[in-house]
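Welcome! Open your viewer, keep the selection tool at hand, and let us walk along the chain together.

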Amino acid sequence: MATNQNTFSVSIPENQSDPTRFQLSPDEDFDYSKRGQWLRAAVLGANDGLVSVASLMMGVGAVKEDAKAMILSGFAGLVAGACSMAIGEFVSVYSQLDIEVAQMKRENRMTENKEDKEREQLPNPMQAALASALAFSLGAIVPLLAASFIGDHKVRMGMVVAAVSLALVIFGWIGSVLGGTPVVKSSIRVLLGGLMAMAITFGLTKLIGTSGL
């Protein structure tokens, strides 16, 4: 008696056996939050130095046309702001460090074998303070340099605004690239914020200076 044998074949897609099929691309797998500590200190420090010193110089320039007065006020703002940023960042990060160390001790994670590895992941107060002070100083130098070599008062004021606006766009672009956020939106937000700060400082100082108070 003849027996009919049917042969069944099942094809397996090649891609399903590929171990790299579901791997994320480098951009998708990167955790941008790891950059949070130093990125926050650097970006905030640079923007703060740029905007605060430029606004201070614009306020002085609103009531006094002397170039020396503008530059001295800007330099004083640079030194005071850098010290303030460094101290504030040091205290803030040191407080965070104390909290994390206390939490690690409560969870009994500070064992002899894990101590070095755990401490490497803790925030560094001195590093954050230095980064914040340096970033503030770099930002504050921009309006100082823009006003240093121009004699005419109106041209000097316009040059400060132009230089600061360009720097704000650059800082916004750098921060968005490093943080993985939309470039255009971040740059516009930083630019508008800086221009508003300078305009408010200039307007209020001008108003008070001309009112005779």
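Over which residues does pLDDT stay under 50, with 0 contacts beyond four places in sequence? Select residues 1-13 to see them. Here pLDDT is the predictor's confidence in each residue, from 0 to 100, and a contact means heavy atoms within 4.5 Å.

This is a predicted model, in which local features need pLDDT of at least 70, side-chain atom pairs count only at pLDDT 80 or more, and totals for chains, interfaces and linings use all residues. Residues are numbered from 1 along each chain as its sequence is written, and side-chain values use heavy atoms, leaving out hydrogens and water.

Next, select residues 15-32: pLDDT stays under 50 there too, and the model has 9 contacts beyond four places in sequence for them. Now colour the whole chain by pLDDT: the mean is 80, and 74% of the residues reach 70 or more.

Move on to residues 157-178, one of the spans that an unreviewed UniProt entry annotates as "transmembrane region"; such annotations may be inferred rather than shown by experiment. This span is 100% helix, with its end C-alpha atoms 32 Å apart. Residues 190-209, also in that annotation, are 100% helix as well, with 29 Å between the end C-alpha atoms.

Finally, show the surface and select Leu 166, Ile 170, Trp 173 and Leu 192, which are among the residues of a nonpolar patch. Helices H6 (153-179) and H7 (183-211) each give two or more residues to the patch, and H6 gives the most, with 5. Stop at Leu 192 in H7: this residue is partly exposed (between 20% and 50% relative accessible area, 1.4 Å probe, protein chains only), at 48%.

Notes:
Helix = DSSP H or I, 4+ residues; strand = E, 2+ residues; numbered from the N terminus. Patch = residues over 30% accessible without salt bridge, like charges linked within 9 Å, V, L, I, M, F, W, Y side chains within 5 Å. Areas by Shrake-Rupley, 256 points an atom, 1.4 Å probe, with all protein chains shown as cover. Salt bridge = Lys/Arg side-chain N within 4 Å of Asp/Glu carboxyl O.
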